[in-house]
Amino acid sequence: MAEQAVLASPPSDVPADRIVDFDIYNPFKGQNDLHVAWMALRESTPHAVVWTPHNGGHWIALDPELIANVFGDSDRFSSFNVLVPKETAGEAYHFIPLSLDPPEHRPYRKILNDNLYSSSVNPLEPKVRALTASLIDNFVANGRCDFVTEFAEQLPLRVFMQLVDLPTEHLPVLKQLADQFTRPDGSMTPAEATTRFMEYVGPILNERRGSDRSDLLTAITRGEVFGRPLTDDEALRMAIQVMVGGLDTVVNFMSFTIQLLAQAPDIQDRLASDRSIYSAAINEALRRLPLVSSGRELRVDTEVDGVILRKGDMIIAPTELVALNPRMNEDPLRYDLNRKVRNHSVFGSGAHTCPGQFLARLEMKIFLEEWFDRIPSFELEPGQVLRHRGGIVGGCEPFVIRWPRQ
């Protein structure tokens with residue numbers, strides 16, 4: 001994204017020791033690990049909030065309590081803009097309900113809750129399990145796979161396409177559009193990505209409005225707020241929000257998880273022999289591998305940690321720095337199945353806690369069960385360099401794992 005190369009001038013009242021050279025889309029300096037990069041930033045300063053000139057210039061919350069306040073205090077921190085740079089990405093991403101603040105967002109959010117909470121997604125289990133098994137069976141005899149492209153970019157995306165009843169052959173185009181908001185590659189502007197999403201989704205909503213179909217997009221066309229039906233524009237902006245969220249986060253979380261497990265043979269042994277620990281394994285992966293760094297816009301001038309954040313300023317709240325703070329979790333980089341307390345905000349917190357978390361947990365549970373039934377022991381293929389991706393949602397570059405041929 002071209003704007004990322006232009007550094008903003010700091011406001012005159014921002015102290016020099018608050019200014020950091022940190023680009024959330026490319027946070028790596030001398031290493032390639034997303035979580036290490038965020039921890040290095042936090043450890044580089046004693047302050048709870050810092051300012052960076054990258055991506056239009058914005059604040060970054062480093063303290064867990066401040067991050068919770070940014071997510072939870074909509075009177076000061078608005079969701080109207082959640083992406084940086086605000087003037088380009090932020091202004092292009094006014095989707096529903098994420099860009100709405102309480103209490104206005106609540107009836108819109110209820111539409112998603114009614115269709116994405118556990119009672120709605122649990123019936124998907126047989127289809128998810130069959131698809132998971134089929135994907136693994138396609139490569140298990142090879143003794144190796146590119147995990148990101150052969151599995152992580154297949155299972156959750158195909159499940160999502162079933163949920164919205166769209167053809168899987170449309171996935172490459174839709175995934176590229178979604179990535180322009182979370183990890184832009186410069187191939188198009190955020191405004192262009194929004195326009196293309198609208199051109200794709202709009203006719204589908206028009207076709208399904210009034211039908212008896214049971215998919216999520218049709219459910220959105222039936223949605224009501226404040227005692228009235230959603231307008232066409234509201235339904236369109238809600239559908240795009242659902243698609244951006246559904247086409248990215250779980251892909252990356254699965255990739256981070258298997259990359260971590262590939263380097264932990266002792267954990268693999270336990271998972272291969274004891275399904276009763278799968279819940280702990282998923283919860284610990286969620287704690288250890290947060291990947292979302294969302295933004296908020298200041299609604300009023302606010303003093304934070306001795307500095308004034310001005311109305312209109314943007315602040316990024318990285319979920320990585322909640323779980324990976326040693327005050328929140330002892331030895332935070334250690335993956336520990338026996339951890340008694342797990343403090344994190346991997347699904348966000350407050351009014352905009354991720355509504356897709358139940359589907360994500362279901363997919364992770366089935367993934368582990370089917371994977372360890374077929375591949376109980378695996379490792380990273382030697383000689384490759386593991387690289388992560390920065391962004392609003394972090395990710396993994398493709399990597400190869402191998403296992404003994406059966």
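**Note on strand 10, the nonpolar core and the 4-14-11 sheet**

1. Five bridges connect strand 7 (residues 293-298) with strand 10, and the two run antiparallel. Strands here are DSSP runs (E, at least two residues), and helices are likewise DSSP runs (H or I, at least four), numbered from the N terminus; two strands pair if DSSP finds at least two bridges between them. Glycine 295 has isoleucine 316 of strand 10 as its bridge partner.

2. This is a predicted model, in which local features need pLDDT of at least 70, side-chain atom pairs count only at pLDDT 80 or more, and totals for chains, interfaces and linings use all residues. Residues are numbered from 1 along each chain as its sequence is written, and side-chain values use heavy atoms, without hydrogens and water.

3. Strand 10 also pairs with strand 2 (residues 58-61), in the parallel sense and over two bridges. There, isoleucine 60 is bridged to isoleucine 316.

4. Five of the five residues in strand 10 (314-318) are buried, meaning under 20% relative accessible area with a 1.4 Å probe, protein chains only. Met314, Ile316 and Pro318 point one way, Ile315 and Ala317 the other. In a regular strand, side chains alternate between the two faces of the sheet.

5. The largest nonpolar core (buried Ala, Val, Leu, Ile, Met, Phe, Trp, Tyr and Cys joined through side-chain atoms within 4.5 Å) has 135 residues. Helix 17 (residues 357-374) gives the largest share, nine residues. Phe147 is among those with the most contacts inside this core. Beyond four places in sequence, its contacts (heavy atoms within 4.5 Å) include Phe367, Trp371 and Ile401.

6. Strands 4, 14 and 11 form an open antiparallel sheet in the order 4-14-11, with strand 4 (144-146) and strand 11 (379-380) at the edges. Three bridges join strand 4 to strand 14 (residues 400-402); arginine 144 is partnered with arginine 402.

Terms used: Buried < 20%, exposed > 50% of the residue type's maximum accessible area, 1.4 Å probe, protein only.
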